[in-house]
Amino acid sequence: MNNPKIGLVTVLYNSPDVLPDFFSSLAKQDYNNYCLYIVDNSTSPESIELAKKLSVDYSIPVYFIDNQGVNVGVAAGNNQGAKEACNQGCDYIVFLNNDLLFDNSQILNELILIAKNNKLDIIGPTILNYPEKKIWYCGGYFNELKALAPHQYIDQEFISSNFPDIHQHTYAPTCFLVVSRRLWDEVGEMDEKYFAYYDDTDFLFRANRAGYMVNVVSSLIIYHKVGASTGGDLSYFGMYHLTRNRIYF
């Protein structure tokens, strides 16, 4: 695996406004052995039509999975994309939201290089919220008593010198997360009963039970427009699914 193939998996849901920044961020990447797997759960064709246009404008290799106006959920969408990535011989799967910004052209290259050289099966960057640019994710853990997966340091100012170059944790969201094909094959698919929210919690919990740790690279930073796709955790959609899925988890 001198130049591992990466499958980038993202799920669309009626959020065309975030796509220009997402595609321009990908277009800046120096790593070129990847395919973007776009799973469209949108109820209107606007998002997928714009994604098709932007993929041509930026010359980004894309495989489209169109669910024909049916929202099958985030978990099922991620499974659809990951399955296709595996079918097409990808060595790593990167689950990522499309409400992201990342200016660093070396994000993919550095993450894959570190993963490959250190035989790491889960790795991700530091994630700051946007536009505030405070910590959204820089480590997380499971609170089994409360059935929660809190983000450590959330809403604090990010000072890189406060963190080791690479630090390990038990939990990370799939907002931007690299997992090896080996891990995916062992841990299995995401549980589609969650639909949205806690699907990543469950997946990472099973990965941790199987002996895998999350590795966070402090110096690699991306920005997350929190809640752009779902209306945020305080929306009716967010509160309903967070409450229901916490009980299920």
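The following dialogue discusses the nonpolar cores and the unusual backbone geometry of a predicted model.

Student: Which residues have the most contacts inside the largest nonpolar core?

Tutor: Leu 8, Phe 23, Ile 122 and Phe 176 have the most contacts inside this core, which has 65 residues. Helix α4, residues 107-118, supplies the largest share, namely six residues.

Student: What does Phe 176 touch, not counting residues up to four places away in sequence?

Tutor: Its partners include Val 94, Phe 95, Leu 96, Leu 100 and Phe 102. Also among them are Ile 107, Leu 108 and Leu 111, together with Gly 124, Pro 125, Ile 127 and Ile 222.

Student: Which residues does the second, separate core include?

Tutor: That core has seven residues, including Leu 101, Leu 128, Cys 138 and Tyr 223.

Student: How should the backbone angles be read?

Tutor: As a general guide, most peptide bonds are trans, and a negative phi is found in most residues other than glycine. In this model, the peptide bond from Tyr 130 to Pro 131 is cis, with omega near 15°. Pro 131 lies in the loop between β6 (122-129) and β7 (135-137).

Student: Where is Lys 119 found, and is this residue buried or exposed?

Tutor: Lys 119 is in the loop between α4 and β6. Its phi is positive, near 55°, and its relative accessible area of 71% makes it exposed.

Student: What is phi of Tyr 198, and does this residue count as buried or exposed?

Tutor: Phi of Tyr 198 is near 75°, again a positive value in a residue other than glycine. Tyr 198 sits in the loop between α5 (181-187) and α6 (199-209). This tyrosine counts as buried because its relative accessibility is 8%, and the cut-off for buried is under 20%.

Conventions
Residues numbered from 1 in each chain as written. Predicted model: local features only at pLDDT ≥ 70, side-chain atom pairs only at ≥ 80, totals over all residues. Heavy atoms only, no water. Core = buried A, V, L, I, M, F, W, Y, C linked by side-chain atoms within 4.5 Å. Buried < 20%, exposed > 50% of the residue type's maximum accessible area, 1.4 Å probe, protein only. Helix = DSSP H or I, 4+ residues; strand = E, 2+ residues; numbered from the N terminus. Contact = heavy atoms within 4.5 Å.
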